[in-house]
Amino acid sequence: MKEKLHQIKLKYQGKKMAPAFNALHTFLYTPNETTHSGGHIRGADDLKRTMNTVILALVPCLLFGMFNAGYQHYSAINGFPESFSLFDHFLTWDNFWVGVTTVLPLVVVSYGIGLGIEFLFAVIKGHEVEEGYLVTGMLVPLIVPVDTPLWMLAIAVAFGVVIGKEVFGGTGMNILNPALTIRAFLFFAYPTWMSGDKVWVHEAVERAGTADAISGETVLGSLAAGSDYSYSLADMFYGFIPGSVGETSTLLILLGGLFLIFSKIASWRIMVSAVVGALAMGLIFNGIVDAGWLPEYSKFYTLMSFPYWQHLLVGGLAFGIVFMATDPVTGSQTNKGKWYYGFFIGFLSVMIRVFNPGYPEGVFLAILLMNVFAPTIDHYVVRGNIKKRLKRFKTATIYPKSSDEVDSLKTETA
Amino acid sequence: MSKDIRIRKGLNINLVGAAEQTISKAVTSNVYALNLEDFHGITPKMLIKQGEEIKAGEPLFYNKNNEAMHFVSPVSGELVEIVRGARRKILTLKILADKEQDYVINKVPDLDTADGDAIKSYLLQCGGWPFIKQRPYDVIADPAATPKAIFVSGYATAPLAANPDFILQEKEQEVQAAIMALSKMTPGKIHVTIGKSSSSPFKDIKGIELHKISGPHPAGLVGTQINKIDPVNKGEVVWTLSPQDLVMLGELLLTGKFNAERIVALAGSVVKEPKYYKTKIGAEISTFLYASGVKEDRFRLINGDVLTGAKTTTEGYLGFYNNTVTAIPEGDDYEFFGWNKPVFNKISTTRALTFSWLQPKKKYDLDTNTNGEHRAFVVTGQYEEVFPMDIYPLQLLKACMVKDLDEMEQLGLYEVAPEDFSLTEFICISKQPHQQIIREGLDLLQKELG
């Protein structure tokens with residue numbers, strides 16, 4: 001097998017389809033490439049391994065999302081179980097089957113369309129297929145509502161990959177996070193499919209208007225409407241609530257985040273500062289409510305009085321902080337810049353969440369906005385380093401070059 | 001006065017096959033060669049023709065841009081071959097050595113009374129000058145410029161590198177003479193940095209500012225030390241020398257003889273008996289490689305250490321500046337699912353199913369496989385973990401790639417040499433050629449700004 005693939009690789013070297021074949025080949029085997037310039041040895045990590053680590057961290061969220069799709073569906077029909085038991089009500093084959101029929105197609109479409117475009121661009125431009133989409137392709141199904149029509153997703157993915165990434169030059173060159181570009185496209189192109197109380201539960205749209213109508217509103221949706229929600233804190237933390245496929249379980253996101261920090265793949269600076277930023281904004285809003293500056297009939301009242309730390313448990317904030325804000329390509333690249341970048345993501349997310357009446361979720365907008373500002377942040381951080389160097393330059397000891405000296409040496413040896 | 005420097009950022013790459021601290025005498029080489037690529041940026045003008053006889057220490061060629069700068073023959077014999085490459089560029093000069101070596105004995109300057117210019121012209125003429133390198137640009141020092149300080153690293157942290165304490169044994173006299181001569185050529189200090197707990201011969205040398213450094217690689221790289229002691233600013237010049245070259249300079253100054261003899265560490269997992277050999281600059285590597293024996297037929301032979309050395313072959317010759325020769329396995333093989341299975345036998349700074357963090361002391365047998373393909377820069381914040389200088393490595397690399405001269409200058413390209421980026425290159429997930437990028441950046445800056 002190894003030999004055969006090697007022969008095929010040699011045969012197609014330099015041909016148009018070589019990148020496509022190489023992508024599959026390097027998926028099976030790490031290439032036989034050796035060092036040519038500089039150091040003769042290299043570390044063990046490559047981009048595939050890095051991306052793979054992120055995917056590993058996402059798998060628990062995906063599995064949970066599949067079960068939760070079924071759980072929300074059946075609970076909407078039959079009502080939430082009175083005494084909840086994990087194995088009797090959640091980890092059941094029925095629930096999983098709903099996940100298989102709803103979530104898996106999202107994954108397949110996301111990867112199929114996205115990787116297809118990546119391969120196409122690689123073949124046209126003659127470069128190797130880059131691994132960036134491995135993570136994007138997994139993120140996309142996790143941040144959309146469970147019943148998102150597949151054709152919609154396909155269009156959004158095509159838009160996101162082409163406009164969000166390939167036009168900039170591919171992985172590593174993009175300005176905006178591709179997964180969030182896809183999410184933003186869906187949100188602005190098909191808003192009715194992205195919010196409301198019908199999209200978070202499987203079949204809710206189809207059954208609307210019939211006798212069997214079901215619905216499920218997210219916690220944030222309820223809050224924005226000023227109504228109450230019926231979920232306990234434990235529900236929110238463990239994730240037994242409606243929401244986008246993979247964003248609900250704060251526990252599993254937390255574990256994924258810890259794994260990414262431990263494996264040194266994602267920046268802990270961004271995660272920590274984003275949490276701090278979210279808490280800060282939440283505290284400010286709570287403070288305004290506590291100080292009595294906001295009348296109770298204000299449409300912001302319920303969201304502003306929502307306990308500040310619970311913002312981290314609902315909506316996509318935790319998921320966004322752990323998996324989207326930490327994208328190294330679109331985030332700040334300097335360690336100092338990452339603190340500012342993360343902080344403002346948390347801060348703005350909660351602000352948009354509270355002040356945007358149409359759509360009570362601001363994480364993706366906040367991250368996209370900060371994506372745009374990340375180079376600016378870096379610019380000022382790097383300026384700081386340059387200024388330090390310029391300051392040092394003032395005390396530089398420069399001795400004049402004496403060209404006479406060279407001349408005299410020349411005559412001496414002549 | 002001694003100052004302690006502690007390096008926290010970095011990475012020790014522990015490899016199997018460290019040279020045992022015993023010195024054997026290498027078999028005398030028949031042919032000696034100078035590889036002109038060792039002298040970066042020098043255009044040679046030959047002084048003798050092919051077939052002519054030459055003495056050891058007699059000039060072979062001079063620097064086209066500075067006629068005074070001579071490059072001398074390490075041995076006496078006949079110049080048998082001038083290997084030329086594209087556009088008749090001279091690549092290698094091969095000298096068939098005489099049985100009896102005949103040395104040029106130069107008239108030595110009196111170290112107590114001679115001034116800097118006298119020493120300078122002596123070194124230029126007698127072939128000692130090329131041992132002095134300068135920053136910025138990491139090239140052979142420009143004799144017209146006066147350095148603000150001179151730096152010597154007496155500490156080696158690169159993987160399998162020769163131990164300076166060991167090769168400097170009983171060479172105090174030569175080192176002292178070289179230091180005295182160097183001190184006349186700079187109004188500044190001569191900074192020598194040694195390992196914190198080492199018994200370096202530099203401890204007894206006078207006329208130097210001794211620093212002690214501790215921490216992982218690149219603590220031993222002179223660039224790291226310059227950055228911590230007295231960084232290079234725009235317009236400033238510093239000189240750097242390696243300790244074994246001080247010995248050569250010292251002997252040249254004391255006896256007037258260019259003695260190309262050198263102690264070389266032969267190391268690497270492929271070598272059966274890794275140890276030190278006494279040989280000469282330009283000697284055939286096979287004269288000592290096969291004395292130690294090799295474990296396999298196909299391997300990568302490196303003039304220098306695994307991070308900064310130059311690729312060579314078993315027919316190759318010892319480089320002008322090298323005191324380490326390393327042989328490691330070639331890695332031109334495929335690895336099934338190499339990108340996602342747990343890795344125990346390779347070094348990594350991450351913990352992405354790589355487990356080198358469990359055993360920081362373990363010695364590894366690394367091969368030349370890149371462990372992945374070349375990609376655009378994606379991951380951030382990882383170079384900083386192994387890069388102790390007050391410089392933004394990623395931003396500097398990008399500035400070099402886009403040839404932005406202003407950025408390159410402002411971000412500190414004057415302070416670095418390609419070797420300072422050898423560790424970031426090692427851990428680079430995108431497998432970018434950092435040292436090449438920096439080298440090209442330095443060349444461009446030198447060309448544009450002189």
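Two strands pair if DSSP finds at least two bridges between them, and I kept that rule beside me while I went through this predicted model.

**Entry 1, a sheet in chain B.** I began with β3(B) and found that five bridges join this strand to β9 (residues 90-97) of chain B, the two strands running antiparallel. Within that pair I looked for a facing couple of residues and noted L34(B) opposite L93(B) of β9(B). Following the pairing outward, I traced an open sheet of four strands in chain B, ordered β3-β9-β8-β5 with antiparallel pairing. Both β3 (31-35) and β5 (53-54) of chain B are edge strands with a single partner strand each, so one side of each has no neighbour in the sheet.

**Entry 2, domains of chain B.** I wrote down the division of chain B as domain 1 (2-14 + 133-255), domain 2 (20-27 + 263-329) and domain 3 (383-449). For domain 2 and domain 3 of chain B, I recorded a separation of 29 Å between the C-alpha centres.

**Entry 3, where chain B touches chain A.** I then turned to the contact between the chains, in which 77 residues of chain B meet 62 residues of chain A. On the chain B side, the elements that each supply at least two residues include α1 (116-126), α7 (393-401) and α10 (434-449), as well as the strands β7 (66-72) and β21 (335-336). Sorting the residues of this side of chain B by class, I have 30 nonpolar, 30 polar and 17 charged. I looked at β21(B) again, since a strand pairing crosses between the chains there: β1 (residues 29-30) of chain A pairs with β21(B) in the antiparallel sense over two bridges. In this pairing T30(A) stands opposite E335(B) of β21(B).

**Entry 4, two helices of chain A.** How are α17 and α18 of chain A arranged, roughly parallel or roughly antiparallel? I noted that α17 (residues 335-355) and α18 (residues 363-393) of chain A pack at an angle of about 155 degrees, with their axes 9 Å apart. Angles over 145 degrees count as roughly antiparallel, and α17(A) and α18(A) are therefore roughly antiparallel to each other. The crossing of α17(A) past α18(A) is right-handed. Among the residues making this contact I listed Y340(A), Y341(A), F344(A), I345(A) and L348(A) from α17(A), and L365(A), I367(A), L369(A), M370(A) and I377(A) from α18(A). By class, the contact of α17(A) with α18(A) comprises 15 nonpolar, two polar and two charged residues; K336(A) of α17(A) and D378(A) of α18(A) are among the contact residues.

Terms used:
Residues numbered from 1 in each chain as written. Chains lettered and ligands numbered in written order. Predicted model: local features only at pLDDT ≥ 70, side-chain atom pairs only at ≥ 80, totals over all residues. Axes fitted to C-alpha atoms, helices over the stretch in contact; angles between N-to-C directions. Parallel < 35°, antiparallel > 145°, perpendicular 65-115°, else oblique. Left-handed = near helix turned anticlockwise from the far one by under 90°. Contact = placed C-beta atoms within 7 Å. Nonpolar A, V, L, I, M, F, W, Y, C, P; charged D, E, K, R; others polar. Domains from an automatic or database assignment.
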